[in-house]
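Work through the exercises below with the model open. Each task is followed by a solution in steps.

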Amino acid sequence: MHLPNDKLLTLEAAVAERQRLREAGQTMVMTNGCFDLLHVGHLSYLQESRALGDQLWVLINSDESVRALKGPTRPIQSEIERAYSLAALSCVDRVVVFGNPRLVHEIEQLQPDIYTKAGDYTIDTLYQPEREAFDAVGAQIKFLPFLEGFSTTKMIEKIHKAGSI
């Protein structure tokens, strides 16, 4: 399936775009995740992240890395569908798909100014090699409020329950 997506960049193109932003004196906020089924929690978090800088870049796990993290029944939507959905949001400026379950290499390459994560994470629960990579590139790490009750897992459970009624 091909979905047109001007915001979706390869890592190589993203590195070039990041350099252009840096030369223009603009800040890049980065976040990452699976973003399998977009929900209110995601939308609130992405809007708050975008408010912290000039551009918001969302790095999403590839289908293979989602399966490694979440199990064989995930993702529900393909990486192309997830990237397309995120790119449709006005608060998202760029989308990059990454293939490993973790993104140390991408952090080193893109060197974001700010990294955001939802408030269900803490500095101690971040994957430590990623935390070290953010520290090495001088990125600020910010934890944003977490909206309780919203998750892809809960959405899937709700759909299953609705189907059994």
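**Exercise 1. Surface and charge**

Task: State how much area the protein chain exposes and what share carbon and sulfur atoms supply. Then give the distance between the mean positions of its positive and negative charges.

Solution: The structure is a predicted model.
- Step 1. About 8,800 Å² of the protein chain is exposed.
- Step 2. Carbon and sulfur atoms supply 52% of that area.
- Step 3. The protein chain has 17 positive and 22 negative charges. Their mean positions lie 5 Å apart.

**Exercise 2. Architecture and overall form**

Task: List the order of the elements in the protein chain. Then decide how its radius of gyration relates to the globule rule.

Solution:
- Step 1. Count the elements: the protein chain has 7 helices and 6 strands.
- Step 2. Read from the N terminus: β-α-β-α-β-α-α-β-α-β-α-β-α.
- Step 3. The radius of gyration is 16 Å, and the globule rule gives 15 Å for 165 residues. The two values are close, so the protein chain is as compact as a globular protein of that length.
- Step 4. Along the principal axes, the C-alpha trace spans about 55 × 40 × 30 Å.
- Step 5. Of the 165 residues, 41% count as buried.
- Step 6. Take the contacts between residues at least 6 apart in sequence: 79% of them join residues at least 24 apart.

**Exercise 3. Helix α4**

Task: Which residues of helix α4 are buried, and what do they pack against?

Solution:
- Step 1. Helix α4 covers residues 79-87. Its buried residues are R82, A83, L86 and A87.
- Step 2. These residues cover an arc of only 130° around the axis, so they sit on the same side of α4.
- Step 3. Their packing partners are β1 (8-9), α2 (40-50), β3, α3 (63-70) and β4 (94-98).

**Exercise 4. N61**

Task: Is N61 buried or exposed? Name residues that N61 touches beyond four places away in sequence.

Solution:
- Step 1. N61 belongs to strand β3, residues 55-61.
- Step 2. The relative accessible area of N61 is 2%. Buried means under 20%, so N61 is buried.
- Step 3. N61 touches G33, C34, V66, L69, R82, V97, F98, N100 and P101. Among them, R82 is one of the buried residues of α4.

**Exercise 5. P129**

Task: Place P129 in its element and classify its accessibility.

Solution:
- Step 1. P129 is in helix α6, residues 128-137.
- Step 2. Its relative accessibility is 32%, so P129 counts as partly exposed.
- Step 3. P129 and R22 are 107 residues apart in sequence. In space, the C-alpha to C-alpha distance is 24 Å.

Conventions:
Residues are numbered from 1 along each chain as its sequence is written. This is a predicted model: local features need pLDDT of at least 70, side-chain atom pairs count only at pLDDT 80 or more; totals for chains, interfaces and linings use all residues. Side-chain values use heavy atoms; hydrogens and water are left out. Helices (H or I, at least four residues) and strands (E, at least two) are DSSP runs, numbered from the N terminus. Buried means under 20% relative accessible area, exposed over 50%, partly exposed in between (1.4 Å probe, protein chains only). The radius of gyration is taken over C-alpha atoms; the globule rule is 2.2 Å times the number of residues to the power 0.38. Contact means heavy atoms within 4.5 Å. Accessible areas come from the Shrake-Rupley method with a 1.4 Å probe; for residues, only the protein chains shown count as cover. Lys and Arg count as positive and Asp and Glu as negative; His and the chain ends are not counted. The place of a charge is taken as NZ of Lys, CZ of Arg, CG of Asp or CD of Glu. The arc is that of the directions from the helix axis to the C-beta atoms.
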